[in-house]
There are 2 protein chains.
Amino acid sequence: MSQALQVAVVGAAGLIGRAILELLAERQFPATRVLALDEAGYEGETVSYGNLELDVRPLDEVSFDNIDLAFFVAGSDVTRQLAPQARAAGTAVVDFSAAFRLDAQVPFIVPRINGASLADAADAPLVSVPNCTVTPLAVALHALSAHGLRRVTVSTYQSVSGTGQAALEALADQTTALFGQREVETSVYPKRIAFNLLPKIGDVLEDGASSEEQSVIDEVRRLLGLPSLTVEATCVRVPVFFGHAWAVHVALERPLEIDRARKLLAANGIHVVDDPKREDGFATPMEVAGSDRIWVSRVRATADGLAFWLTADNVRVGAALNCVEVAETLLKAGKLPS
Amino acid sequence: MSQALQVAVVGAAGLIGRAILELLAERQFPATRVLALDEAGYEGETVSYGNLELDVRPLDEVSFDNIDLAFFVAGSDVTRQLAPQARAAGTAVVDFSAAFRLDAQVPFIVPRINGASLADAADAPLVSVPNCTVTPLAVALHALSAHGLRRVTVSTYQSVSGTGQAALEALADQTTALFGQREVETSVYPKRIAFNLLPKIGDVLEDGASSEEQSVIDEVRRLLGLPSLTVEATCVRVPVFFGHAWAVHVALERPLEIDRARKLLAANGIHVVDDPKREDGFATPMEVAGSDRIWVSRVRATADGLAFWLTADNVRVGAALNCVEVAETLLKAGKLPS
């Protein structure tokens with residue numbers, strides 16, 4: 001890793017952009033220069049990159065001419081608008097938006113699952129990465145896939161940080177308003193989130209699924225290379241600041257003992273915290289916030305497979321870490337400009 | 001309903017006991033005298049019955065000799081200890097505890113599902129009713145059962161009121177402690193519940209299910225008369241004060257159109273709030289708290305059945321209302337002492 005790269009983070013002022021900058025510094029990604037870019041409105045703000053504070057610069061001033069690698073974490077519209085410019089300038093792009101996730105021409109990567117396939121990628125490629133609700137789930141399913149996935153039914157418990165900074169403030173404001181007998185305002189979500197549950201994330205599509213649920217279905221299938229896998233999802237926003245969770249029920253082709261399942265999960269880098277004898281022998285979003293690991297608990301047998309509880313920091317593990325691991329994989333595979 | 005009955009509520013100081021007293025008054029249950037009973041420790045407390053305030057009297061002073069009907073909502077130990085005395089005195093018992101739920105000799109009743117079977121009950125019977133996590137779910141499944149239930153996978157989002165008054169206080173205290181930079185104390189639950197999720201309700205049993213999950217599996221099967229129905233459950237405590245919710249995925253033998261499913265649910269007394277075109281066209285625990293209805297939203301097709309979101313006031317609809325409806329059914333069937 002003797003390369004010295006110029007790196008841009010598009011969407012640097014958001015929660016995921018900030019986490020990418022943290023991880024690049026922590027993991028000593030070989031960047032000689034890091035640009036923090038975002039849409040208008042963040043003038044004067046700074047973001048941390050290791051010990052440095054970077055000014056957030058407006059997107060419309062940027063040229064990708066000298067940028068080797070750009071992370072796009074500012075939503076599909078920004079990706080659609082600017083990724084072509086970056087590509088034309090020879091910049092490798094790691095795109096967290098939904099823009100190319102279902103585009104068969106674009107590699108769709110979680111390194112722990114299919115990172116090896118980047119060996120076949122073009123130089124300085126565009127790589128799409130999954131929704132933060134998908135990556136930890138797909139990693140866990142991948143760990144079990146040798147036993148033949150037949151059906152996946154998942155219900156999510158998604159923290160407000162998945163929506164962004166404004167949603168963190170909404171949950172805090174609404175909570176203090178309720179305790180202070182002030183009127184509760186709703187802005188980010190259509191109904192109150194404090195001490196409540198919102199069983200719809202994104203828009204409802206023609207067939208009744210929400211866009212978040214459809215994203216889980218489509219992206220899990222594509223990542224696992226199982227286009228006809230039965231995946232059922234209910235996605236729910238819960239009044240938690242950081243950390244998503246998933247109640248997962250899986251039907252398998254071939255029997256799998258619980259202890260063996262725990263070992264397979266652990267062998268795939270998952271932190272298994274599962275002691276039924278202890279009153280507190282399970283993981284919760286509180287513990288996973290800030291952690292770089294995917295945590296599994298409550299592994300148990302069902303009629304035709306198993307069920308388990310999954311939880312992970314949605315901002316870090318669900319989004320930022322995977323983006324950075326894609327960049328590291330590209331670097332190792334010699335796919336970044338040199 | 002010209003009868004005039006003496007009624008006791010055993011566990012009257014708890015959330016469910018109080019709700020039963022409210023409902024008895026609201027629904028003008030023909031009681032000439034109502035006794036509010038509870039374990040030691042509530043001396044001097046009163047509970048509301050319509051416009052009256054009743055003193056909570058200690059259980060160890062009570063005789064069931066003149067009591068026609070007793071509601072038991074104080075847990076299995078109290079039921080096991082005192083229900084035999086009540087039965088010996090000829091008192092009809094509606095038992096909300098787990099003591100007799102799986103006892104084939106004891107009727108296990110949700111009137112909207114199997115109330116007609118009480119016509120065959122003994123006079124002044126002992127009747128067991130389900131866990132509050134079961135009743136609304138079972139009513140919804142019953143509405144769809146003509147289409148042949150093949151498999152039910154449910155993940156719950158259970159409010160702290162299901163644990164009782166102390167848990168309401170714990171959630172409030174922990175929340176204000178976090179905002180006030182005070183140390184968070186855990187007492188009722190093994191980990192913090194404020195802004196967190198606890199994926200274990202009750203103890204974990206030998207096979208890995210929690211006692212709450214096993215209760216959902218066993219009681220749904222018994223209520224629906226489908227002892228070998230595949231039921232999978234993950235039960236999770238969420239930081240909500242009132243109102244449980246369920247993400248339900250059902251496989252059916254025979255196809256069921258979504259509109260027809262909504263009609264079947266509505267025909268069974270369920271309030272269907274399901275407008276995919278509206279940003280807020282779904283029900284949340286916030287709205288169901290204090291309501292006597294079961295609410296369904298997000299009905300949609302899956303590969304072999306359908307999925308939906310269910311929410312209901314766990315204290316009222318999940319527990320107290322069902323107890324009172326059992327008593328009303330016994331009254332109509334002429335099974336109460338006269």
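Two strands count as paired when DSSP finds at least two bridges between them. With that in hand, we can start inside chain A of this predicted model, where strand 8 and strand 10 of chain A pair in the antiparallel sense over eight bridges. One of the residues involved is Thr153(A), whose bridge partner in strand 10 of chain A is His249(A).

## The six-stranded sheet

Strand 8 and strand 10 of chain A belong to an open sheet of six strands. The order across this sheet is 9-8-10-13-12-11 (chain A), and its pairing is mixed. Strand 9 and strand 11 (271–272) of chain A stand at the edges, and each has a single partner strand, so one side of each is left without a neighbour in the sheet.

## A hairpin elsewhere in the chain

Another pair worth a visit is strand 3 (residues 46–49) of chain A and strand 4 (residues 52–58) of chain A, which run antiparallel and are joined by four bridges. Thr46(A) has Asp55(A) of strand 4 of chain A as its bridge partner. The two strands form a hairpin with two residues between them, and there Gly50(A) takes a positive phi near 60 degrees.

In a regular strand, side chains alternate between the two faces of the sheet. Strand 3 of chain A has a covered face, made of Val47(A) and Tyr49(A), and an uncovered one, made of Thr46(A) and Ser48(A).

## Two loop residues to look at

Most residues other than glycine have a negative phi. Here are two in chain A with a positive value, each in a loop.

| Residue | Phi | Loop in chain A | C-beta atoms within 10 Å |
|---|---|---|---|
| Gln28(A) | near 55 degrees | between helix 1 (15–26) and strand 2 (31–38) | 9 other C-beta atoms |
| Phe195(A) | about 50 degrees | between helix 5 (165–179) and helix 6 (211–224) | 26 C-beta neighbours |

Which of these settings is buried and which is exposed? Gln28(A) is exposed, with 9 other C-beta atoms within 10 Å. Phe195(A) counts as buried, because it has 26 C-beta neighbours inside 10 Å, and a residue needs 20 or more to be called buried.

## Chain A as a whole

Stepping back, the secondary structure of chain A comes to nine helices and 13 strands. Its radius of gyration is 20 Å, close to the 20 Å that the globule rule gives for 338 residues, so chain A is as compact as a globular protein of that length. The C-alpha trace of chain A spans about 55 × 55 × 40 Å along its principal axes.

Of the 338 residues of chain A, 54% count as buried. Among contacts in chain A between residues at least 6 apart in sequence, 68% join residues at least 24 apart.

## Two domains

Chain A is divided into domain 1 (5–130 + 319–332) and domain 2 (135–314). The centres of these two domains of chain A, taken over C-alpha atoms, are separated by 25 Å. Where they touch, 14 residues of domain 1 of chain A are in contact with 16 residues of domain 2 of chain A. On the domain 1 side, helix 3 (111–114) and helix 9 (316–332) of chain A each supply at least two residues. By class, that side has nine nonpolar, three polar and two charged residues.

## How the two chains meet

How many residues does each chain bring to the contact? Chain A gives 46 residues and chain B gives 46 residues. Several elements of chain A give two or more residues to the side that touches chain B, among them strand 8 (149–157), helix 5 and strand 10 (244–252) of chain A. Strand 12 of chain A gives the most, with five residues. The residues on this side of chain A divide into 25 nonpolar, 12 polar and nine charged.

A rotation of 180 degrees, with 0.0 Å of shift along its axis, superposes chain A on chain B with an RMSD of 0.0 Å. That is the relation of a two-fold axis. Moreover, 100% of the interface residues of chain A are also interface residues in chain B, so the copies meet through the same surface.

## A helix in chain B

A last stop is helix 4 (residues 135–144) of chain B, where 10 of the 10 residues are buried, so this helix is largely enclosed by the rest of the structure. Its buried residues include Thr135(B), Pro136(B), His142(B) and Leu144(B).

Definitions and conventions:
Residues numbered from 1 in each chain as written. Chains lettered and ligands numbered in written order. Predicted model: local features only at pLDDT ≥ 70, side-chain atom pairs only at ≥ 80, totals over all residues. Least-squares fit on C-alpha atoms with pLDDT ≥ 70 in both. Contact = placed C-beta atoms within 7 Å. Buried ≥ 20, exposed ≤ 12 C-beta atoms within 10 Å, placed from the backbone. Rg over C-alpha atoms; globule rule 2.2 N^0.38 Å. Domains from an automatic or database assignment. Nonpolar A, V, L, I, M, F, W, Y, C, P; charged D, E, K, R; others polar.
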